[in-house]
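Work through the exercises below with the structure in view. Try each task before reading its solution.

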Amino acid sequence: MSEATMAEMMSLRKMKVDQKGVIRMVTGDGELGRRIRDMGIVPNTEFMVVGKAPLKDPVAIRLRDFTLTLRNSEADFIFVDALEG
């Protein structure tokens, strides 16, 4: 993936509540990467950030008709494109 494309993406951790996005890449390797993908977090999946804890960890996202909470240490491996509106 080119540096220009990477610059347009952001970590899921940086998304705001009520912001929508599309998952573009999961960079976690080994067990962590497999576990993230097993939860349904795969490229081209649309989602919405539905909440964050007061200290910003964990983050709750809504995708495929279910809500999933992720630690920031997991969200850092998920790169997304934010959607407008």
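Accessible areas come from the Shrake-Rupley method with a 1.4 Å probe. The model used here is predicted.

**Exercise 1. Surface and overall size**

Task: State what area the protein chain exposes and which atoms supply 51% of it, then decide whether its radius of gyration agrees or disagrees with that of a compact globule.

Solution:
- Step 1. The exposed area of the protein chain is about 5200 Å², and 51% of this is supplied by carbon and sulfur atoms.
- Step 2. For 85 residues, a compact globule would have a radius of gyration near 12 Å.
- Step 3. The protein chain has 12 Å, so the value agrees with the rule.
- Step 4. The C-alpha trace spans about 35 × 35 × 25 Å along its principal axes.

**Exercise 2. Order of elements**

Task: Find how many helices and strands the protein chain has, and give their order from the N terminus.

Solution:
- Step 1. There are 3 helices and 6 strands.
- Step 2. Read from the N terminus, the order is α-β-β-α-β-β-β-α-β.

**Exercise 3. A hairpin**

Task: Describe how strands E4 and E5 are joined.

Solution:
- Step 1. Strand E4 covers residues 59-63 and strand E5 covers residues 66-70; the two run antiparallel, with 5 bridges between them.
- Step 2. One bridge pairs Ala60 with Thr69 in E5.
- Step 3. The hairpin has 2 residues between its strands, and Arg64 takes a positive phi near 50 degrees.

**Exercise 4. Buried or exposed**

Task: Classify Glu74 and Asp29 as buried or exposed.

Solution:
- Step 1. Buried means under 20% relative accessible area, and exposed means over 50%.
- Step 2. Glu74, in helix H3 (residues 72-75), has 5% relative accessibility and therefore counts as buried.
- Step 3. Leaving out residues up to four places away in sequence, Glu74 touches Leu32, Arg35 and Ile36.
- Step 4. Asp29 sits in the loop between E2 and helix H2 (30-38); its relative accessibility is 68%, so Asp29 counts as exposed.
- Step 5. For the whole protein chain, 35% of the 85 residues count as buried.

**Exercise 5. The nonpolar core**

Task: Identify which residues of the largest nonpolar core touch the most other members, and which strand gives the most to this core.

Solution:
- Step 1. The core has 16 residues; Leu12, Ile41, Phe47, Ile61, Leu70 and Ile78 touch the most other members.
- Step 2. At least two core residues come from each of strands E2 (20-26), E3 (46-52), E4, E5 and E6 (78-82).
- Step 3. E4 gives the most, with 3 residues.
- Step 4. Setting aside neighbours within four places in sequence, the contacts of Ile78 include Leu12, Ile41 and Leu70.

Notes: Residues numbered from 1 in each chain as written. Predicted model: local features only at pLDDT ≥ 70, side-chain atom pairs only at ≥ 80, totals over all residues. Heavy atoms only, no water. Pairing = 2+ DSSP bridges. Helix = DSSP H or I, 4+ residues; strand = E, 2+ residues; numbered from the N terminus. Buried < 20%, exposed > 50% of the residue type's maximum accessible area, 1.4 Å probe, protein only. Contact = heavy atoms within 4.5 Å. Core = buried A, V, L, I, M, F, W, Y, C linked by side-chain atoms within 4.5 Å. Rg over C-alpha atoms; globule rule 2.2 N^0.38 Å.
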